[in-house]
Amino acid sequence: MARMKFLCDADRCIECNACVTACKNEHEVPWGINRRRVVTINDGKPGERSISMACMHCTDAPCAAVCPVNCFYTTADGVVLHSKDLCIGCGYCFYACPFGAPQYPKVGNFGSRGKMDKCTYCAGGPEADGSKEEYEKYGANRLAEGKLPLCAEMCSTKSLLAGDGEIIAQIYKERVMKRGYGSGAWGWKTAYRETIES
Amino acid sequence: MASFGRFIRLAFGACALLLVIMAAPASTQQVNPTASSVKEQQLLQELNRIQGRVSIPDQRSGVLEQPQGREWREFRNVTLRWIGGVAIIGMLALLVIFYLTRGMVRLESGRSGRTIVRFTLFERFVHWMTATCFIILAISGLNITFGRPLLLPLIGFEAFSEWSQWAKYAHNYLSFPFTVGVVLIFLQWIAGNLPNKVDVAWIKRGGGIVGHDHPPAYRFNAGQKMIYWIVVIGGGLVAATGYELMFPFYVSGIEGMQMAQIIHSVVAVLFVAAMIAHIYIGTIGMEGAFEAMGSGEVDLNWAREHHSLWLDEQSGRTGPNDQKPQPVTAAAE
């Protein structure tokens with residue numbers, strides 16, 4: 001089985017935000033929630049970098065570890081998913097997540113945050129693959145259809161890579177070798193406890 | 001003419017070729033646009049977080065990475081469970097041992113059959129409102145920390161999630177009457193709970209908890225004053241940090257909320273341990289104590305044994321109406 005990961009090649013990201021838009025549209029993500037966002041560091045200064053970030057589907061995921069009701073599970077592909085039926089909206093995953101992935105539809109409303117929402121790696125949730133219930137709660141299940149996450153699929157500069165960790169790491173390494181530079185796989189050390197030497 | 005033209009073309013071609021050859025070393029030396037760019041590990045080492053600008057309305061999502069959640073996870077899953085487990089089970093064990101060795105603290109002089117008002121209806125209402133909220137808050141709070149390893153395996157995912165959902169609502173909404181109760185407790189009993197010299201003597205004699213000693217005390221003895229300040233300070237801390245968590249981002253960012261959760265949970269488990277002792281002494285630990293918060297009236301002999309100076313005050317104020325007070329020296333027996 002593959003171990004699915006995201007990799008954002010920051011030297012290619014042009015901050016077009018198409019991944020953000022594609023994600024929102026594909027899954028009909030509720031208003032106010034962005035499962036993916038593009039962060040620009042040192043904006044307007046020399047050496048500025050943009051990184052597209054969502055849930056990294058961590059190895060030994062902190063969200064899953066701290067969840068009081070144990071609503072998270074990791075699929076055979078290494079994708080970290082959760083059950084909105086079990087989620088109580090306590091906010092603990094959001095304290096633990098290094099990437100700010102968990103979000104709540106009603107943040108700040110007497111602590112009644114609603115069910116947590118985050119990137120599903122386009123893999124839906126515990127409901128039957130492709131079912132209406134699954135779509136309403138978690139969005140499309142592209143993985144079940146044999147497709148990769150839409151954000152990476154439609155990335156215009158192919159900055160955002162999704163797929164088996166080994167393969168996307170290899171693609172990134174080849175790129176770095178060919179062009180002679182690379183600012184590293186952002187978030188990999190935190191999420192997967194490993195980096196890609198470049 | 002044609003040959004001249006060819007010569008010119010040749011000359012240009014030669015020049016161009018020369019230029020290309022000369023320029024060749026320059027073009028193989030690629031420009032490295034990352035030379036001055038930000039480095040992930042460097043940013044993390046400097047600030048322990050990476051922040052930038054986002055073009056979506058939610059500006060809080062500008063925080064790209066904050067790995068300190070790892071330490072918080074360690075606290076939440078390991079440290080807190082140890083602190084809570086040792087404090088609560090330790091307190092229960094101490095009380096069981098104490099009860100088995102000392103037993104209930106009896107009224108030594110028996111019941112006089114006459115009573116004196118100790119707590120008014122309003123005082124008791126405040127106490128029981130706060131106490132009811134506290135018990136529900138404590139159980140629903142402990143569920144968040146200990147429910148997953150202890151209760152979830154017993155009742156299963158669906159039932160545990162359903163129960164935890166309601167427990168969370170109760171926890172959030174009962175925090176309001178609890179906070180009101182803590183404020184009222186602070187105000188209504190502050191006068192009797194300022195430490196004084198009598199407390200020093202009371203503590204030196206161990207509160208009379210061992211043996212049959214009855215050190216004198218005013219309305220509240222040093223032990224009760226401790227409970228009072230635990231409620232006021234502990235209650236204030238859990239309320240303040242709890243509201244910070246209930247209203248995310250109003251007070252602080254994620255680090256502040258992690259810190260708030262740490263303070264909230266540590267204070268709360270110690271608070272629970274202290275309240276277990278309070279419940280013990282107010283029920284099976286001491287004869288005649290529960291009536292103070294039950295009916296609001298205590299037996300005169302109970303007052304004499306445990307709050308002699310208070311009884312003197314009360315007798316002086318109300319006069320020897322129906323009961324001749326025992327000599328004051330009785331307190332120092």
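# Close-ups of a predicted two-chain model

**Figure 1. Helices α3(B) and α9(B) run roughly parallel to each other.** Keep in mind for every view that this is a predicted model. To describe two packed helices, you give the angle between their axes and the distance between the axes. Here, α3(B) and α9(B) pack at about 5 degrees, and their axes are 9 Å apart. Angles under 35 degrees count as roughly parallel, so this pair of helices, α3(B) and α9(B), gets that label. On the α3(B) side, the contact includes W72(B), F75(B), I83(B) and L95(B). On the α9(B) side, look for I262(B), V269(B), A273(B) and Y280(B), among others. Which classes of residue make up the contact of α3(B) with α9(B)? They split into 18 nonpolar, four polar and no charged residues.

**Figure 2. Here is the side of chain B that touches chain A.** In this view, 50 residues of chain B are in contact with 45 residues of chain A. Several elements of chain B each give at least two residues to its touching side: β2 (63-65), α3 (69-102), α4 (121-150), α6 (157-189), α8 (222-246) and α9 (254-282). Which one supplies the largest share of the side of chain B that touches chain A? That would be α6(B), with seven residues. By class, this side of chain B holds 21 nonpolar, 19 polar and 10 charged residues. As for scores, the model gets ipTM 0.91 and pTM 0.86.

**Figure 3. Zoom in on the largest nonpolar core, with its 76 residues.** A handy bit of background: in soluble globular proteins, nonpolar side chains tend to be buried together. The residues with the most contacts inside this core are C8(A), C63(A), C93(A) and L160(A). Helix α3 (residues 92-96) of chain A supplies the largest share of the core, five residues. Take L160(A) as your way in: leaving out residues up to four places away in sequence, L160(A) touches F6(A), C8(A), C19(A), S52(A), C151(A), A152(A) and C155(A). Apart from this core lies another one, of 17 residues, and F134(B), L137(B), V231(B) and A273(B) are among them.

**Figure 4. N141(A) and C122(A) are shown together, since N141(A) is in contact with C122(A).** N141(A) lies in the loop between α4 (132-138) and α5 (150-153) of chain A. Is N141(A) buried or exposed? With 22 other C-beta atoms within 10 Å, N141(A) is buried, because 20 or more is enough to count as buried. Setting aside neighbours within four places in sequence, N141(A) is also in contact with A123(A), G124(A), D129(A), G130(A) and E134(A). V66(A) is another story: 75 residues separate N141(A) from V66(A) along the chain, and their C-alpha atoms are separated by 26 Å. C122(A) sits in the loop between α3 and α4 of chain A. C122(A) is buried as well, with 27 other C-beta atoms within 10 Å. There's a twist in its backbone to look for: C122(A) has a positive phi of about 50 degrees, although it is not a glycine.

**Figure 5. K158(A) is a non-glycine residue with a positive phi, of about 55 degrees.** Where in chain A is K158(A)? You'll find K158(A) in the loop between α5 and β6 (160-164). K158(A) has 13 C-beta neighbours inside 10 Å, so it counts as partly exposed.

**Figure 6. I233(B) is found in helix α8 of chain B.** With 14 C-beta neighbours inside 10 Å, I233(B) counts as partly exposed. Now find V267(B): I233(B) and V267(B) are 34 residues apart along the chain, yet their C-alpha atoms are separated by 9.6 Å. Contacts between residues 24 or more positions apart make up 67% of those in chain B with a separation of 6 or more. For the wider setting, chain B has 12 helices and four strands, and 29% of its 333 residues count as buried.

**Figure 7. Two stretches of chain B, residues 24-28 and residues 321-333, have pLDDT under 50.** For residues 24-28 of chain B, the model has zero contacts beyond four places in sequence. For residues 321-333 of chain B, there are 16 such contacts. Where pLDDT is low, don't read the predicted coordinates in detail. Overall, chain B averages a pLDDT of 86, and 85% of its residues score at least 70. Chain A averages 92, with 96% of residues scoring at least 70.

Definitions and conventions: Residues numbered from 1 in each chain as written. Chains lettered and ligands numbered in written order. Predicted model: local features only at pLDDT ≥ 70, side-chain atom pairs only at ≥ 80, totals over all residues. Buried ≥ 20, exposed ≤ 12 C-beta atoms within 10 Å, placed from the backbone. Contact = placed C-beta atoms within 7 Å. pLDDT = per-residue confidence, 0-100. Nonpolar A, V, L, I, M, F, W, Y, C, P; charged D, E, K, R; others polar. Core = buried A, V, L, I, M, F, W, Y, C linked by C-beta atoms within 7 Å. Axes fitted to C-alpha atoms, helices over the stretch in contact; angles between N-to-C directions. Parallel < 35°, antiparallel > 145°, perpendicular 65-115°, else oblique.
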